[in-house]
Amino acid sequence: MADSILLIDNDADVLRAVGDYFEGIGYEVGRADAAEAGFEAFDRMRPDVVILDLHLPDLGGLDVLERLRSQGGSVILLTGQGDIETAVRAMQLGAEHFVTKPVDLNHLAAATARVCDKVGLARQNALLREALDRLLRGAGGAGGAGGSDGRHKPLALAEVERVHIEKTLRFHGGNRTRAAQELGISRATLINKIKVYGLDI
């Protein structure tokens, strides 16, 4: 499963040029030319990163940013040269980064890759914490305070991850794509972990 981005910009040339560039380097790309269309696309595709133009015809960029952030979106802002003060305000509101126009595609791609890595790491950490909680609850229910063996049984974090990945794969009948989506990692990362942990599902 490729990393995904959503472009929200009312400039058709920017949508085409930036979108085509990111598709060319392996991203799944969604495009919207106004705020409302952007919200609909965000709900539909839940992208890893939103690249948002500050100036939209139907709603101010900062308002769009706040709404996307409230829904868990990670946002990179595209701004004009004279919008630096606004860009600073956007960072205070939770934007991950801002890039001035005209857009340097290499710079934007590097910033996007960093945000995708951050998002992926945060998802993995959350899933590992969830898996660890489940395992600890299960261990507590099996042995309990009054059990025959109340000693602490240490589990390596890798073992927690292996068990969680195996359970998720079994739940989805071995479907790598659906399991990767639930785990919040790319399909390629999942396949790599299946090999590392020697899972046969």
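Reader: How many bridges join β3 to strand β4, and which way do the two run?

Author: Keep in mind that this is a predicted model. In it, β3 and strand β4 (residues 75–79) run parallel, joined by four bridges. If you want one spot to look at, find Ile 51, which stands opposite Ile 76 in β4. To get from β3 to β4, the chain passes through helix α3 (residues 61–70), and this β-α-β crossover is right-handed.

Reader: What about strand β1, in what sense does it pair with β3?

Author: The sense is parallel, and strand β1 (residues 4–8) pairs with β3 over four bridges. Try Leu 6 as a landmark: its bridge partner in β3 is Val 50.

Reader: How do I read the two sides of a strand?

Author: Here's the general idea: in a regular strand, side chains alternate between the two faces of the sheet. Now take β3. Val 49, Ile 51 and Asp 53 are on one side, with Val 50 and Leu 52 on the other.

Reader: Is each of those faces of β3 covered or open?

Author: Both are covered, and the residues on the two sides are all buried. Five of the five residues of strand β3 (residues 49–53) are buried, so the rest of the structure largely encloses this strand.

Reader: Okay, now a helix. What should I look for?

Author: Start from the turn. An α-helix has 3.6 residues a turn, so residues three or four places apart point the same way. Then go to helix α8 (residues 187–197), where the buried residues are Leu 190, Lys 193 and Ile 194. Looking down the axis of α8, you'd see its buried residues fall within an arc of 105°, so they line one face of the helix.

Reader: And which residues are exposed on the other side of α8?

Author: Those are Ala 188, Lys 195 and Val 196. While you're there, check Gly 198 just after α8: its phi is positive, about 65°.

Reader: Let's move to the holes. How many cavities of 30 Å³ or more turn up in the whole structure?

Author: A search finds three. The largest cavity holds about 90 Å³ of space. Its lining is made of Gln 124, Leu 127, Leu 128, Glu 161, His 164, Ile 165, Leu 183, Ile 185 and Lys 193. The elements giving two or more residues to that lining are α5 (105–142) and α6 (157–171). Lys 193 links back to our helix, as one of the buried residues of α8.

Reader: What classes of residue line the largest cavity?

Author: Five are nonpolar, two polar and two charged.

Reader: And what lines the second largest cavity?

Author: That one has about 40 Å³ of space. Around it sit Ala 131, Arg 134, Leu 135, Val 160, Val 163, His 164 and Lys 167. The biggest contribution to this lining is the four residues from α6. By class, there are four nonpolar, one polar and two charged residues.

Reader: Last one: which residues are closest to the centre of the second largest pocket?

Author: This pocket has about 210 Å³ of space. Of the 15 residues lining it, the closest to its centre are Asp 3, Gly 120, Gly 184, Ile 185 and Ser 186. You've met Ile 185 already, since it also helps line the largest cavity. Helix α5 supplies the largest share of the pocket lining, seven residues. The classes come out as six nonpolar, five polar and four charged.

Notes:
Residues are numbered from 1 along each chain as its sequence is written. This is a predicted model: local features need pLDDT of at least 70, side-chain atom pairs count only at pLDDT 80 or more; totals for chains, interfaces and linings use all residues. Side-chain values use heavy atoms; hydrogens and water are left out. On a 1 Å grid over the protein atoms alone, a cavity is a set of points where a 1.4 Å probe fits but cannot get out, and a pocket is an open set with protein on both sides within 12 Å along at least five of seven lines; lining residues have an atom within 4 Å of a point. Grid points are joined across faces, edges and corners, and a volume is the space filled by probe spheres set on the points. Ala, Val, Leu, Ile, Met, Phe, Trp, Tyr, Cys and Pro count as nonpolar, Asp, Glu, Lys and Arg as charged, and the others, Gly among them, as polar. Buried means under 20% relative accessible area, exposed over 50%, partly exposed in between (1.4 Å probe, protein chains only). The arc is that of the directions from the helix axis to the C-beta atoms. Two strands pair if DSSP finds at least two bridges between them. A crossover is right-handed if, with the strands pointing away from the viewer, the path from the first strand over the helix to the second runs clockwise.
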